[in-house]
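Please look through the structure shown here from one end of the chain to the other. The paragraphs after it take up the overall layout, then one helix, then a few single residues and pairs.

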Amino acid sequence: MKKGTKQYLVAFSVILLFLAGLTISHWYNRESTLLDVLGVESTKIVAPSICDANDCTNTEVTLAPEQVETAMQLFSQTKIKKLHGRSSIQNAYARFFFETEQGYRYELLLASKEVLINHLNDNKWYVYDISSPNDDLETLMKAFVSN
């Protein structure tokens, strides 16, 4: 192999590795909406309820379909990014529980700057940073709990 060809091959390999790393990094750290991450439609949700994050025993409220639809609209506007290290949620204000028609159960622990999504069937949970805080979402969820 000629010396020039070998240098081009090495340079090409380095560029490919860099692009692959950049692509993986972008995919791994991509921003999404809360609704996209959940991957559910409001019409496919059964048994939705919400409670105060610190006292579900005395504050749990079952939500009406219209309330779920409003929450899902706000979920579609709330941008989140997955935190890859385990994190504790600070200042949580509500727990939102629901089940899908297929029997998948979820819990969302909502805080002003973070959300924990708990896949109750699989006992897996992930923490997401809310990159576009939505005051309307927090106001709505607190109103649901107080009613």
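From start to end, the chain of this predicted model runs through the pattern α-β-α-β-α-β-α-β-β-β-β-β-α. That pattern holds 5 helices and 8 strands. The chain has 147 residues, and 33% of them are buried. Among contacts with a separation of 6 or more, 62% join residues that are 24 or more positions apart in the chain. The accessible surface amounts to about 9400 Å², and carbon and sulfur atoms make up 53% of that surface.

One helix can be followed in more detail. Helix α4 spans residues 65–77, which is 13 residues in total. From the first C-alpha to the last, α4 reaches 19 Å, close to the 18 Å expected at 1.5 Å a residue. Which residues of α4 are buried? They are V68, A71, M72, L74 and F75. These residues cover an arc of only 160° around the axis, and therefore lie on the same side of α4. The general background is that an α-helix has 3.6 residues a turn, so residues three or four places apart point the same way.

What do the buried residues of α4 pack against? Their partners include two elements that come before α4 in the sequence numbering, the strand β1 (31–33) and the helix α2 (34–38). The strands β2 (45–52), β5 (92–100) and β6 (105–111) are also packed against, as is helix α5 (135–146).

Two asparagines in loops have backbone angles worth looking at. N91 is found in the loop between β4 (79–82) and β5. Its phi is near 60°, a positive value in a residue other than glycine. Is N91 buried or exposed? With a relative accessible area of 66%, N91 is exposed. N123 is placed in the loop between β7 (114–119) and β8 (124–130). The phi of N123 is positive as well, at about 55°, although N123 is not a glycine. N123 has a relative accessibility of 64% and counts as exposed.

The last topic is charged pairs. In general, side chains of opposite charge can pair when their charged atoms come close. How many salt bridges does a search of the whole structure find? The search finds 2.

One of them joins the side chains of R95 and E107, with 2.4 Å from N to O. Because R95 lies in strand β5 and E107 in strand β6, this pair ties together parts that are 12 residues apart in sequence. R95 is partly exposed, at 23% relative accessibility, whereas E107 is buried, at 9%. The strands that hold this pair, β5 and β6, are also among the elements that the buried residues of α4 pack against.

The other salt bridge is formed by K142 and E138, whose closest N and O atoms are 2.8 Å apart. K142 and E138 are both in helix α5, and because they are 4 residues apart there, about one helical turn separates them. K142 has a relative accessible area of 41% and is partly exposed. E138, at 16% relative accessibility, counts as buried. Helix α5, which carries this pair, is also one of the elements packed against by the buried residues of α4.

Technical notes. Residues are numbered from 1 along each chain as its sequence is written. This is a predicted model: local features need pLDDT of at least 70, side-chain atom pairs count only at pLDDT 80 or more; totals for chains, interfaces and linings use all residues. Side-chain values use heavy atoms; hydrogens and water are left out. Buried means under 20% relative accessible area, exposed over 50%, partly exposed in between (1.4 Å probe, protein chains only). Contact means heavy atoms within 4.5 Å. Accessible areas come from the Shrake-Rupley method with a 1.4 Å probe; for residues, only the protein chains shown count as cover. The expected span of a helix is 1.5 Å times one less than its number of residues. The arc is that of the directions from the helix axis to the C-beta atoms. A salt bridge is a side-chain nitrogen of Lys or Arg within 4 Å of a carboxyl oxygen of Asp or Glu.
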